Amino acid sequence: MLNKELDAEDSAVTDDVFMRRAMELAALAEAEGEVPVGAVVVHDGVIIGEGWNRSIGHHDATAHAEMMALRQAGQMLQNYRLIDTTLYVTLEPCPMCAGAIVHSRVGKVVFGAHDAKTGAAGSVMNLLSYEGVNHHVLFQGDVLATECRAQLQAFFKRRRAEKKAAKLLARQQQHDD
Ligand SMILES: [Zn+2]
């Protein structure tokens with residue numbers, strides 16, 4: 001019993017560590033003007049893949065943080081099957097990423113904030129684990145959720161303010177003409 005409790009405590013600590021790294025990667029996305037989402041793939045306690053959202057910069061709708069981290073992990077292991085890995089991501093995966101996670105045979109997904117609009121790990125649908133699919137991915141949400149959500153909300157708030165300022169400026173210029 002005690003051992004189990006200690007194990008649970010340990011894994012909560014390591015979950016926080018890897019989620020914080022994912023948040024650092026999300027900040028890189030933000031610095032590039034992308035929606036701040038970051039992801040890491042962990043194997044045997046070591047990060048083997050890192051990714052952040054780069055869809056705009058790469059002109060690639062598939063360049064989500066999870067996809068980038070899965071690609072790097074595949075190169076690292078020289079195998080598209082990422083057996084016994086855990087993927088950490090700051091935002092609940094979308095259907096595309098959930099599909100890639102299943103194809104990659106990731107063992108577990110740990111995510112921060114829920115995505116009420118497109119979340120495919122339980123919020124809107126559950127593509128990670130359902131009847132009829134032979135690979136079930138374990139998942140757990142709400143790890144550092146408050147911080148992950150705050151990071152996203154700050155980004156969208158800033159972007160709205162920038163758009164508003166740009167609109168005002170355009171109106172002002174029209175007026176001047
Ligand atoms: Zn995605």
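## Helix 3 and the residue after it

Just after helix 3, Gln-78 has a positive phi of about 55 degrees. The model is a predicted one, and this backbone angle is a computed value, as are the others in this report.

Helix 3 itself covers residues 65-77. With 13 residues at 1.5 Å a residue, helix 3 should span 18 Å, and the 18 Å between its end C-alpha atoms agrees with that. The buried residues of helix 3 are Ala-65, Glu-66, Met-67, Met-68, Ala-69, Leu-70 and Ala-73. In general, an α-helix has 3.6 residues a turn, so residues three or four places apart point the same way.

## The annotated binding site

An unreviewed UniProt entry carries the annotation "binding site" for His-64, Cys-94 and Cys-97. These residues are spread over 34 residues of sequence, yet they cluster in space, with a largest C-alpha distance of 9.2 Å.

Where does His-64 lie? His-64 is in the loop between helix 2 (55-58) and helix 3. Its surroundings hold 27 other C-beta atoms within 10 Å; because 20 or more are enough to count as buried, His-64 is buried. Apart from neighbours within four places in sequence, the contacts of His-64 are Val-37, Asn-53, Ser-55, Cys-94, Met-96 and Cys-97. Two of the other annotated residues, Cys-94 and Cys-97, are thus among the contacts of His-64.

Cys-97 belongs to helix 4, which runs over residues 95-103. Cys-97 is also buried, with 28 other C-beta atoms within 10 Å. With neighbours within four places in sequence left aside, Cys-97 is in contact with His-64, Glu-66 and Met-67. Glu-66 and Met-67 are among the buried residues of helix 3.

## The sheet

How are the strands of the sheet ordered? Five strands form an open sheet in the order 2-1-3-4-5, with mixed pairing. Strand 2 (46-52) and strand 5 (138-140) are at the edges; each has a single partner strand, so one side of each is left without a neighbour in the sheet. On average, neighbouring strands are turned by 15 degrees against each other, direction ignored.

Strand 4 (residues 108-113) pairs with strand 5 in the parallel sense, over three bridges. Lys-108 has Leu-138, in strand 5, as its bridge partner. Helix 5, made up of residues 145-176, packs on the sheet and touches strand 3 (85-91) and strand 4. The direction of helix 5 makes about 60 degrees with that of strand 4.

## The annotated domain

The unreviewed UniProt entry also gives "domain: CMP/dCMP-type deaminase" for residues 13-124. That span is 40% helix and 23% strand, and its end C-alpha atoms lie 28 Å apart.

## The whole chain

The protein chain contains five helices and five strands. Along the sequence these elements follow the pattern α-β-β-α-α-β-α-β-β-α. The C-alpha trace spans about 70 × 35 × 30 Å along its principal axes.

What share of the 177 residues counts as buried? The buried share is 35%. Among contacts between residues at least 6 apart in sequence, 54% join residues at least 24 apart.

Terms used. Residues numbered from 1 in each chain as written. Predicted model: local features only at pLDDT ≥ 70, side-chain atom pairs only at ≥ 80, totals over all residues. Helix = DSSP H or I, 4+ residues; strand = E, 2+ residues; numbered from the N terminus. Expected span 1.5 Å × (residues − 1). Buried ≥ 20, exposed ≤ 12 C-beta atoms within 10 Å, placed from the backbone. UniProt positions renumbered as here; feature names shortened; annotations may be inferred. Contact = placed C-beta atoms within 7 Å. Pairing = 2+ DSSP bridges. Axes fitted to C-alpha atoms, helices over the stretch in contact; angles between N-to-C directions.
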